[in-house]
Amino acid sequence: VTVGAAAAKWLAYKRTLAPQPEHGSDRTSVASDGFTSLRTLARYEQAFVQAFDVLDEELPIHQVSVKHLREMLAKLRQKRSRSGGTLKARSLHQVLVAFKQVFAYAQGERWVPDGYDPVARLTRAERPRTPKDSDTDFLEFWEVRALLDACAAVERSLRYVPLHALIATWV
């Protein structure tokens with residue numbers, strides 16, 4: 001199985017879990033796996049478009065090495081974004097997250113040996129650094145809803161702590 005085919009099969013699998021728009025869901029609705037929204041799937045698709053622009057998608061997945069990923073990241077760091085600058089660390093991070101997911105899926109499908117994950121073998125220095133003050137740290141709508149529901153439940157049991165009101169103010 002090639003890395004491109006593995007990515008396509010993983011995306012197809014994730015789409016089977018995704019909420020379907022005709023059922024009243026929106027782009028932020030969460031898939032049955034509890035994590036993936038349609039917006040997240042779109043980000044993964046974009047990450048693969050960027051990655052396969054510089055990485056050979058016909059490469060067998062069991063032959064993808066740390067060296068391939070290093071070279072891919074180096075080329076992506078030079079690539080122009082739609083805004084005219086270079087790709088930001090968050091975009092590069094999204095590419096690595098997508099590949100990490102594909103390698104986990106490939107292990108489950110037995111396309112690669114257990115534990116095979118060249119993304120995990122990248123050193124910390126080789127990984128894109130997203131700024132600590134990045135505005136990309138946020139909760140999805142469904143996460144806020146789950147947090148507020150949990151706070152309301154705790155508040156009912158404590159009866160004296162306005163936890164729901166406090167958290168609702170912060171988010």
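In helix α1, the buried residues (buried meaning under 20% relative accessible area with a 1.4 Å probe, protein chains only) are V3, G4, A6, A7, W10, L11, K14 and L17. Because these residues cover an arc of only 160 degrees around the axis, they lie on the same side of α1; the arc is taken from the directions from the helix axis to the C-beta atoms. They pack against α2 (38-54) and α4 (89-108), where contact means heavy atoms within 4.5 Å.

The model is predicted, with local features needing pLDDT of at least 70 and side-chain atom pairs counting only at pLDDT 80 or more, while totals for chains, interfaces and linings use all residues. Residues are numbered from 1 along each chain as its sequence is written, and side-chain values use heavy atoms, leaving out hydrogens and water.

A second packing site joins α2 to helix α3 (residues 66-78), with the axes 9 Å apart and at an angle of about 105 degrees; axes are lines fitted to C-alpha atoms, for helices over the stretch in contact, and angles run from 0 to 180 degrees between N-to-C directions. The two helices are therefore roughly perpendicular, a label for angles of 65 to 115 degrees. Here Q50, A51 and V54 of α2 meet M72, K75 and L76 of α3. By class, this contact holds 4 nonpolar, 1 polar and 1 charged residues.

Further along the chain, helix α5 (residues 141-158) contains L148. L148 is buried, at a relative accessible area of 17%. Its C-alpha is 7.0 Å from that of I167, although L148 and I167 are 19 residues apart in sequence.

Note on methods:
Helix = DSSP H or I, 4+ residues; strand = E, 2+ residues; numbered from the N terminus. Buried < 20%, exposed > 50% of the residue type's maximum accessible area, 1.4 Å probe, protein only. Parallel < 35°, antiparallel > 145°, perpendicular 65-115°, else oblique. Nonpolar A, V, L, I, M, F, W, Y, C, P; charged D, E, K, R; others polar.
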